[in-house]
Amino acid sequence: MSLVTTHVLDTAAGRPAAGIAVRFETAEGELIAEGRTDADGRIRDLGPETLAPGSYRLVFDTGAYLGPAAFFPEVALTFRISDPAAHHHVPLLLSPFAYSTYRGS
């Protein structure tokens with residue numbers, strides 16, 4: 001399993017958000033990996049099995065999913081990895097005019 005995984009839930013529709021492109025980057029913007037959410041809204045294989053401690057970010061192309069009038073065309077979530085052996089699950093809860101996140105399990 002990847003050290004970092006994610007999933008996106010469309011809270012307005014009450015279902016997983018499939019087909020959202022996601023970039024996994026260093027805090028400086030260097031691309032580590034990229035993927036697309038599956039039918040269950042998940043990316044299970046995003047990135048390497050090990051990472052150095054530090055800040056990273058996931059960038060979600062929400063505009064392609066929400067459409068050309070999307071209020072949030074992109075969502076960037078910056079988080080810190082302090083334990084390089086721990087799994088980090090970073091979900092995104094998305095609706096047309098709001099989003100939230102949390103440290104998942």
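## Arg 42, Tyr 102 and their surroundings

Arg 42 sits in strand S5, which covers residues 42-46. Please keep in mind that this is a predicted model. Arg 42 is a good place to start, as an unreviewed UniProt entry places the feature "binding site" at His 7, Arg 42 and Tyr 102. The points below look at Arg 42 and Tyr 102, then at a strand pair, the annotated domain and Pro 16.

**Annotated site: Arg 42**
- Arg 42 counts as partly exposed because its relative accessible area is 28%, which falls between the 20% limit for buried and the 50% limit for exposed.
- Leaving aside residues up to four places away in sequence, Arg 42 touches Thr 6, His 7, Arg 36, Thr 37 and His 89.
- One of these contacts, His 7, is also listed under the "binding site" feature in the unreviewed UniProt entry.

**Annotated site: Tyr 102**
- Tyr 102 is found in the segment after S10.
- With a relative accessibility of 42%, Tyr 102 is partly exposed.
- Beyond residues up to four places away in sequence, the contacts of Tyr 102 are His 7, His 89, Val 90, Pro 91 and Leu 93.
- His 7 and His 89 appear among the contacts of Arg 42 and also among those of Tyr 102.

**Strands S9 and S10**
- Strand S9 (residues 92-95) and strand S10 (residues 98-101) run antiparallel and are joined by 4 bridges.
- The two strands, S9 and S10, make a hairpin, with 2 residues between them.
- Within this pairing, Ser 95 stands opposite Ala 98 in S10.
- Tyr 102 comes in the segment after S10, and one of its contacts is Leu 93, a position within the residues 92-95 of S9.

**Annotated domain**
- The unreviewed UniProt entry lists residues 4-104 as "domain: Transthyretin/hydroxyisourate hydrolase".
- In the model, the span of residues 4-104 is 50% strand and 5% helix.
- The C-alpha atoms at the two ends of residues 4-104 are 10 Å apart.

**Pro 16**
- Pro 16 belongs to strand S2, made up of residues 15-16.
- Pro 16 is partly exposed because its relative accessibility is 28%, a value between the 20% and 50% limits.
- Not counting residues up to four places away in sequence, Pro 16 touches Val 8, Leu 9, Asp 10, Ala 39, Asp 40, Gly 41 and Tyr 65.
- From Pro 16 to Gly 67 there are 51 residues in sequence, and the C-alpha to C-alpha distance is 16 Å.

Terms used:
Residues numbered from 1 in each chain as written. Predicted model: local features only at pLDDT ≥ 70, side-chain atom pairs only at ≥ 80, totals over all residues. Heavy atoms only, no water. Buried < 20%, exposed > 50% of the residue type's maximum accessible area, 1.4 Å probe, protein only. Contact = heavy atoms within 4.5 Å. UniProt positions renumbered as here; feature names shortened; annotations may be inferred. Pairing = 2+ DSSP bridges.
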